[in-house]
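Please look through the sequence and the model below before reading on. The paragraphs that follow move from one part of the chain to another.

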Amino acid sequence: MSAEDLKLKLVEAEEPDENDYRLQEQVGFILRKAHQRHVSIFAAHIADLTPPQFAALAKLHDVGETSQNQLGSLIAMDAATVKGVIDRLKARGLVELSKHEVDKRRLLVNLTAEGRDAVERLIPIARAITQETLAPLSAKEAAIFMRLLAKLA
């Protein structure tokens, strides 16, 4: 049994005191630290896009042209946030906007040729980022972690 496994067993064996609160043991704190680590790894590999910008490009690559609001829903962003992300991607020539043929109030977003090339080049790097983020875990632990994390999302 590794030292880390033993440490986990000892922590599990301790009866928590309901009046005791340790920030470093709280789910939000641990998730935030894990997120910060992932964002740092992401930035080291993809310096010219933010994770939300990459998410928008990757989802557009998956689904094709879609409304700005639908894209926000698909990548878990509110309308104001996705608008800012799309505006920045448009300024860089990675996406284009058009009006819906019937509902002129509806804004459609699509990848440009440059955006498609960029996301296709970045997808293998994004896979490597995921692997690096999960590297402290065994393959089995990583699979369990992802299933459990998906239950929380």
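In which helix is the place of V27? V27 belongs to helix α2, which covers residues 27-45, and with a relative accessible area of 56% this residue is exposed. On the surface, V27 joins L31 and L152 in a nonpolar patch, and the accessible area of the three together is about 300 Å².

Some care is needed in reading such details, since this is a predicted model. The mean pLDDT of the chain is 91, and 91% of its residues reach 70 or more. Among the elements of the chain, the lowest mean pLDDT, 65, belongs to helix α1 (residues 3-13), whereas the highest, 98, belongs to helix α6 (residues 113-134).

From the surface we can turn to the interior. The largest nonpolar core has 25 residues, and those that touch the most other members are L57, L89 and V95. Two or more residues of this core come from each of the elements α2, α3 (51-63), α5 (79-91), β3 (107-111) and α6. Taking L89 as an example, and leaving aside its neighbours within four places in sequence, one finds this residue in contact with L49, Q53, A56, L57, L94 and V95.

Charged side chains add another layer to the picture, for the structure holds five salt bridges. One of them is formed by R92 and D48, whose closest N and O atoms are 3.5 Å apart. Because R92 lies in the loop between α5 and β2 (95-99) while D48 lies in the loop between α2 and α3, this pair ties together parts that are 44 residues apart in sequence. Both partners count as partly exposed, R92 at 36% relative accessibility and D48 with a relative accessible area of 44%.

Another salt bridge lies within a helix: D62 pairs with K59, and the closest N and O atoms are 3.8 Å apart. These two residues are three residues apart in helix α3, so about one helical turn separates them. D62 counts as exposed at 57% relative accessibility, whereas K59, with a relative accessible area of 23%, is partly exposed.

Salt bridges can also share partners, and in this way D20, R22 and E25 are joined into one network. Within this network, R22 forms a salt bridge with D20, and the closest N and O atoms of that pair are 3.1 Å apart. Here R22 is partly exposed at 36% relative accessibility, and D20 is partly exposed at 38%.

Terms used. Residues numbered from 1 in each chain as written. Predicted model: local features only at pLDDT ≥ 70, side-chain atom pairs only at ≥ 80, totals over all residues. Heavy atoms only, no water. pLDDT = per-residue confidence, 0-100. Helix = DSSP H or I, 4+ residues; strand = E, 2+ residues; numbered from the N terminus. Patch = residues over 30% accessible without salt bridge, like charges linked within 9 Å, V, L, I, M, F, W, Y side chains within 5 Å. Areas by Shrake-Rupley, 256 points an atom, 1.4 Å probe, with all protein chains shown as cover. Salt bridge = Lys/Arg side-chain N within 4 Å of Asp/Glu carboxyl O. Buried < 20%, exposed > 50% of the residue type's maximum accessible area, 1.4 Å probe, protein only. Core = buried A, V, L, I, M, F, W, Y, C linked by side-chain atoms within 4.5 Å. Contact = heavy atoms within 4.5 Å.
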